[in-house]
Amino acid sequence: MLPAVVKLCCGISYPHLRSMAGLQRTAVAVIGQEITNLQRWKQIRQHMKAHVGSKYNAEPKSEDIKPAPSKEDQLFYVQQGQEAMRIALTMLEDKEGWKVEITETNGDVICSKVISGARKVFRLEAVLEASVDELYDLLFVRVEEMHQWNPSIQQIKVLKHIGPETIVTHEVSAETAGNMIGQRDFLSVRHSCKQKSGVYLGGAATQLESFPPQAGFVRAEDGPTCIVIQALDEDRRKSRFTWLLNMDVKGWLPKSIVNQALPRAQLDFTRHLRRRLTASATLG
């Protein structure tokens, strides 16, 4: 995503930012109902420690990559995905400090904002000719097929299914010409929440004992990030798509290069997504 990885995780569209509080309350209310059933943060942090510090294993055996074996694991990953979504929505609720980076002739707009640690986050706003369900299917349900239509991604593999709403994935960005950042891999928890108002997809970097950093890659970290997909009131066959990209690419790259590459990666991803949607409409 970097041209290679365009991570699943984003935000709220510009027209909806004016009413963000209500939108956030809707999403967070559903998230909160699930969170109330989870363990306290102290237990979550203790569990996190158990997932750090294992020895390198170049190719984990298939039997090592399986659905979370315990209720504790399930609670941990669900909580992590939900918390990532909550934090990302909170970032988007704050309307101060956003600066326009890129405006495309097709109406796509990317804004940026500096957060703590002097890192920039980027918000893409676009309208896509696809239904909410179609985009949810492509970006979450069939996430392992993403490399088939996005040349910036070499592979995405689902390592764990934690119920229908939460997954743990390993993503590898492709080696592409002009990639200023270079090949990276990501280990992420992804969480989804479907409502009448739209679909929320949240995510963040995670740890997995059986899948430590791999030789030959720099393991980048994304999140907290969030995507919100909402049907247009005037045309339910189109969707408003906004994505908060929040990524630490790691390595020793100048911030100036990173801050140029990430918004361009967002535009590349959206272009490839539109081509995939056009191809589906033609075949259908």
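## A pair of strands

In what sense do strand 4 and strand 5 pair, and over how many bridges? Strand 4 covers residues 153-162, strand 5 covers residues 166-173, and the two run antiparallel, joined over 8 bridges. Keep in mind as you look around that this is a predicted model.

You can zoom in on one of the links: H161 has I167 of strand 5 as its bridge partner. Now look at the hairpin these strands form, with 3 residues between them. Here G163 takes a positive phi, near 75°.

## The whole protein

Let's step back. The protein has 6 helices along with 12 strands. Of its 284 residues, 52% are buried. About 13500 Å² of the protein is exposed, and 51% of that comes from carbon and sulfur atoms.

How do the contacts spread along the chain? Take those between residues at least 6 apart in sequence: 68% of them join residues at least 24 apart.

## A look at V121

Is V121 buried or exposed? You'll find V121 in strand 3, which spans residues 120-128. Its relative accessible area is 1%, and buried means under 20%, so V121 counts as buried.

Which residues does V121 touch, leaving out those up to four places away in sequence? The list is M91, W98, C111, S112, K113, I115, L244, L245 and N246. D248 gives you another way to see how the chain folds back: V121 and D248 sit 127 residues apart in sequence, yet their C-alpha atoms are 9.8 Å apart in space.

Terms used:
Residues numbered from 1 in each chain as written. Predicted model: local features only at pLDDT ≥ 70, side-chain atom pairs only at ≥ 80, totals over all residues. Heavy atoms only, no water. Helix = DSSP H or I, 4+ residues; strand = E, 2+ residues; numbered from the N terminus. Buried < 20%, exposed > 50% of the residue type's maximum accessible area, 1.4 Å probe, protein only. Contact = heavy atoms within 4.5 Å. Areas by Shrake-Rupley, 256 points an atom, 1.4 Å probe, with all protein chains shown as cover. Pairing = 2+ DSSP bridges.
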